[in-house]
Structure formats: structure tokens, C-alpha cells
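Welcome! Let us take a walk through this structure together, one step at a time.

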Amino acid sequence: GDVFRTNTMRVTSARQGSTLIADIWGELSKFAYRNTPQDQDVGTFGVKLDYKMSPLLSSGVYGSYSRVKQLDIGRTDQYYRIGAKIGYHLSRELHSVLDIGYTKRDSTLDTADYAEFSALVSLVYGYGDVRRPLFRQ
């Protein structure tokens with residue numbers, strides 16, 4: 001794309017205890033394009049809780065809300081997402097995660113509405129992580 005100007009403000013709060021990690025965030029972004037009619041205002045709010053049940057087993061829940069307003073065409077999409085995951089360390093460098101989520105998009109354009117139930121299974125070697133995107137357009 002031909003992004004001409006982007007403004008973003010993000011506020012994050014994280015708290016980590018011995019067994020519970022809590023994250024809350026909010027973000028506002030404005031995208032202005034020079035040549036194409038894709039100007040957008042985007043607002044996102046989310047919360048994530050991860051709980052370490054044992055040295056090998058962890059679980060978590062998350063939820064988020066996003067609002068995308070496409071200024072040039074007058075369309076607004078609202079995304080709602082909830083999910084849960086469970087992780088297991090198979091060894092020091094190998095861990096697996098099962099993530100089950102539900103996403104719903106409500107749009108002012110009726111043909112763009114959708115609801116989706118999905119599952120993500122990941123197996124990671126090393127110290128990385130596999131994550132889902134917050135929302136998709």
C-alpha cells in the first residue's frame with residue numbers, strides 16, 4: 001500500500017506473579033493513504049490471563065475487541081474474539097500448545113459478517129512462540 005501517514009497510541013499493563021500473568025492493552029491507530037481510498041481508524045482492546053498449573057503445564061484465556069472504521073467508504077467492522085489455550089512442555093526445548101478460539105465480525109456491510117471457530121495446534125522447538133493475529137481484515 002501507499003501509507004502516507006500512520007499515528008498509533010498504545011497503552012499496556014502487565015502483571016506477573018509466580019503462577020499468574022495478566023496483560024491488558026488498548027491501541028488506537030489512524031492510517032491515511034495518499035493514493036488509495038483506504039483511510040482507517042482502528043481501535044483495539046484486549047485482555048489475556050496465563051496460569052502456570054505446574055512446571056510442565058500451563059493454561060490461558062484471552063479476549064479482544066477491535067473496531068475498524070474505513071473512512072472513505074463509510075464501513076465499520078467490529079471484531080470480537082475469545083479463546084483458551086493449554087500448553088505442555090515436552091522437554092526443555094520442545095513445547096506444544098492447543099489454542100481454541102472464536103471470532104465474530106459484525107460489519108455495516110452485511111455480506112462481510114462472519115463467525116469462525118478455530119483450533120491451532122503448535123509444536124515449537126527452541127524458545128520461540130506461535131501466536132494468532134488479533135484480527136484479520
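A good place to begin is a pair of charged side chains: arginine 10 and glutamate 27 are joined in a salt bridge, and their closest N and O atoms are 2.9 Å apart. Arginine 10 belongs to strand β1 (residues 3–16) and glutamate 27 to strand β2 (residues 20–33), so this pair ties together parts that lie 17 residues apart in sequence. Keep in mind as you look that the model is predicted. How open are the two partners? Arginine 10 is partly exposed, with a relative accessible area of 46%, and glutamate 27 is partly exposed too, at 24%. As background, side chains of opposite charge can pair when their charged atoms come close.

Now step back to see the whole chain. It has seven strands and zero helices, so its pattern along the sequence is simply β-β-β-β-β-β-β. Taken along the principal axes, the C-alpha atoms fill a box of roughly 50 × 30 × 25 Å. The chain has 137 residues, and 30% of them count as buried. Its accessible surface comes to about 9,200 Å², with 58% of that belonging to carbon and sulfur atoms. Among contacts in the chain with a separation of 6 or more, 44% are between residues 24 or more positions apart.

Back to the charged pairs. How many salt bridges does the model hold in total? The count comes to six. Another of them joins lysine 85 and aspartate 50, where the closest N and O atoms are 3.9 Å apart. That distance still qualifies because the cut-off for a salt bridge is 4 Å. Lysine 85 sits in strand β5 and aspartate 50 in strand β3 (residues 40–52), so the pair ties together parts 35 residues apart in sequence. The two ends differ in their surroundings: lysine 85 counts as partly exposed at 25% relative accessibility, whereas aspartate 50 is buried, with a relative accessible area of 17%. This pair also has company, since Lys48, Asp50 and Lys85 are linked in a network of salt bridges. Elsewhere, the side chains of aspartate 77 and arginine 75 meet in a salt bridge at 3.0 Å, N to O. Aspartate 77 and arginine 75 are both buried.

Next, the aromatic rings. A pair of such rings is described by the distance of the centres and the angle of the planes. The model has one aromatic pair, formed by tyrosine 65 and tyrosine 80, with 5.3 Å from centre to centre and 50 degrees between the planes. The pair counts as tilted, because that label covers angles that are neither under 30 degrees nor over 60. Tyrosine 65 lies in strand β4 (residues 57–70) and tyrosine 80 in strand β5 (residues 75–89), so the rings tie together parts 15 residues apart in sequence. Tyrosine 65 counts as partly exposed at 28% relative accessibility, and tyrosine 80 is likewise partly exposed at 34%.

A further tyrosine is worth a visit. Tyrosine 33 is found in strand β2. Is tyrosine 33 buried or exposed? At 18% relative accessibility, tyrosine 33 counts as buried, because the cut-off is 20%. Tyrosine 33 and threonine 6 are 27 residues apart along the chain, while their C-alpha atoms are separated by 8.8 Å.

Finally, follow strand β6 (residues 94–107), where the side chains alternate. In a regular strand the side chains alternate between the two faces of the sheet. Here His95, Val97, Asp99, Gly101, Thr103, Arg105 and Ser107 point to one face and are buried. Leu94, Ser96, Leu98, Ile100, Tyr102, Lys104 and Asp106 point to the other face and are not buried.

Which strands does β6 pair with? On one hand there is β5, which runs antiparallel to β6 and is joined to it by 13 bridges. Within this pairing, glycine 87 stands opposite valine 97 in β6, and a hairpin of four residues connects β5 to β6. On the other hand there is strand β7 (residues 114–125), also antiparallel to β6 and joined to it by twelve bridges. There, histidine 95 has valine 124 in β7 as its bridge partner. A hairpin leads from β6 to β7 through six residues.

Conventions:
Residues numbered from 1 in each chain as written. Predicted model: local features only at pLDDT ≥ 70, side-chain atom pairs only at ≥ 80, totals over all residues. Heavy atoms only, no water. Phe/Tyr/Trp six-rings, centres within 6.5 Å; stacked < 30°, edge-to-face > 60°. Helix = DSSP H or I, 4+ residues; strand = E, 2+ residues; numbered from the N terminus. Buried < 20%, exposed > 50% of the residue type's maximum accessible area, 1.4 Å probe, protein only. Pairing = 2+ DSSP bridges. Contact = heavy atoms within 4.5 Å. Areas by Shrake-Rupley, 256 points an atom, 1.4 Å probe, with all protein chains shown as cover.
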